[in-house]
Amino acid sequence: QVQLVESGGGLVQVGDSLRLSCTVSGRSMGQSVMAWFRQTSGKEREFVANLYGNTGSTNYGSSVRGRFTISGDVAKNTVYLQMNRLKPEDTAVYYCAARRLSTPSDVWPHWGQGTQVRVSS
């Protein structure tokens, strides 16, 4: 059974940095695509970034490109989201997700419980 556990959320000020972590159990990151999504109340879930565990290739949503960086530590089976120059509009619950490399790109069978990020102005 694949389980994802996020950590690292919190309350920060505009312009601050924060790093989220997501530890995976039940499957190697090297066999997975890992992603971060975020959601605020009343809005659809938004894609933030993903990481292909086999190649290290990454992709980013347009609202975070250049400020956020996704990375992974295969030995620790953990994926990170480094968030810099945070803005109030980055406030959301951030979710870690995982799928097999062979699973269609719009299907994410595994999700973490979410971690809250609040950016105060």
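# Salt bridges, sheet and cores in a predicted model

The structure holds 3 salt bridges, and the model in which they appear is a predicted one. Salt bridges that share partners join Arg38, Glu46, Arg67 and Asp90 into one network. The briefing starts with that network, then turns to an open sheet of 4 strands, to the pairings of strand S9, to two separate nonpolar cores, and finally to Thr115 in strand S11.

**Salt-bridge network**

- Arg38 forms a salt bridge with Glu46, in which the closest N and O atoms are 2.8 Å apart; Arg38 counts as buried because its relative accessibility is 5%, whereas Glu46, at 29%, counts as partly exposed.
- Arg38 also forms a salt bridge with Asp90, with the closest N and O atoms 2.9 Å apart, and this pair links distant parts of the chain, since Arg38 lies in strand S4 and Asp90 in the loop between S8 and S9, 52 residues apart.
- Both Arg38 and Asp90 are buried, and for Asp90 the relative accessible area is 0%.
- Asp90 meets the side chain of Arg67 in a further salt bridge, with an N to O distance of 2.7 Å; here too distant parts of the chain are linked, with Asp90 in the loop between S8 and S9 and Arg67 in the loop between strand S6 (58-60) and S7, 23 residues apart.
- Arg67 has a relative accessibility of 6%, which is under the 20% limit, and therefore counts as buried.

**The open sheet of 4 strands**

- Strands of a sheet pair through backbone hydrogen bonds, either parallel or antiparallel.
- In this model, an open sheet of 4 strands has the order S1-S3-S8-S7, and its pairing is antiparallel.
- Strand S1 (3-7) and strand S7 (68-73) are the edge strands, each of them pairing on one side only, and neighbouring strands of the sheet are turned by 20 degrees against each other on average, direction ignored.
- Within the sheet, strand S3 (residues 18-25) and strand S8 (residues 78-83) pair in the antiparallel sense over 6 bridges, and the bridge partner of Leu18 in S8 is Met83.

**Strand S9 and its partners**

- Strand S9 is largely enclosed by the rest of the structure, because 7 of its 9 residues are buried.
- S9 pairs with S4 in the antiparallel sense over 8 bridges, and in this pairing Met34 stands opposite Ala98 of S9.
- S9 and S11 run antiparallel and are joined by 3 bridges, with Ala92 standing opposite Val117 in S11.
- S9 is also joined by 2 bridges to strand S10 (residues 110-111), again running antiparallel, and Ala97 stands opposite Trp111 in S10.

**Nonpolar cores**

- In soluble globular proteins, nonpolar side chains tend to be buried together.
- The largest nonpolar core of this model has 27 residues, of which Met34, Trp36, Leu81, Met83 and Tyr94 touch the most other members.
- Several strands each supply at least two residues of this core, namely S3, strand S4 (32-39), strand S5 (46-52), S7, S8, strand S9 (92-100) and S11.
- A second core of 5 residues is separate from the largest one, and includes Val33, Ala35, Ala97 and Trp108.
- Beyond residues up to four places away in sequence, Tyr94 touches Glu6, Leu20, Trp36, Phe37, Arg38, Val48, Phe68, Leu81, Met83, Gly114, Thr115 and Val117; Arg38, one of these contacts, is also a member of the salt-bridge network.

**Thr115**

- Thr115 lies in strand S11 (residues 115-120) and counts as buried because its relative accessibility is 10%.
- A polar atom of the Thr115 side chain lies 3.2 Å from the backbone nitrogen of Gly9.
- Leaving aside neighbours within four places in sequence, Thr115 is in contact with Glu6, Ser7, Gly8, Gly9, Leu20, Ala92, Val93 and Tyr94; among them, Ala92 is the residue that stands opposite Val117 in S11, and Tyr94 belongs to the largest nonpolar core.

How values were computed
Residues are numbered from 1 along each chain as its sequence is written. This is a predicted model: local features need pLDDT of at least 70, side-chain atom pairs count only at pLDDT 80 or more; totals for chains, interfaces and linings use all residues. Side-chain values use heavy atoms; hydrogens and water are left out. Buried means under 20% relative accessible area, exposed over 50%, partly exposed in between (1.4 Å probe, protein chains only). A polar contact is a pair of N or O atoms within 3.5 Å; within protein, one must be able to donate a hydrogen and the other to accept it, and residues adjacent in sequence count only if both atoms are side-chain atoms. Contact means heavy atoms within 4.5 Å. Two strands pair if DSSP finds at least two bridges between them. Axes are lines fitted to C-alpha atoms, for helices over the stretch in contact, and angles run from 0 to 180 degrees between N-to-C directions. A nonpolar core is a set of buried Ala, Val, Leu, Ile, Met, Phe, Trp, Tyr and Cys residues joined through side-chain atoms within 4.5 Å. A salt bridge is a side-chain nitrogen of Lys or Arg within 4 Å of a carboxyl oxygen of Asp or Glu.
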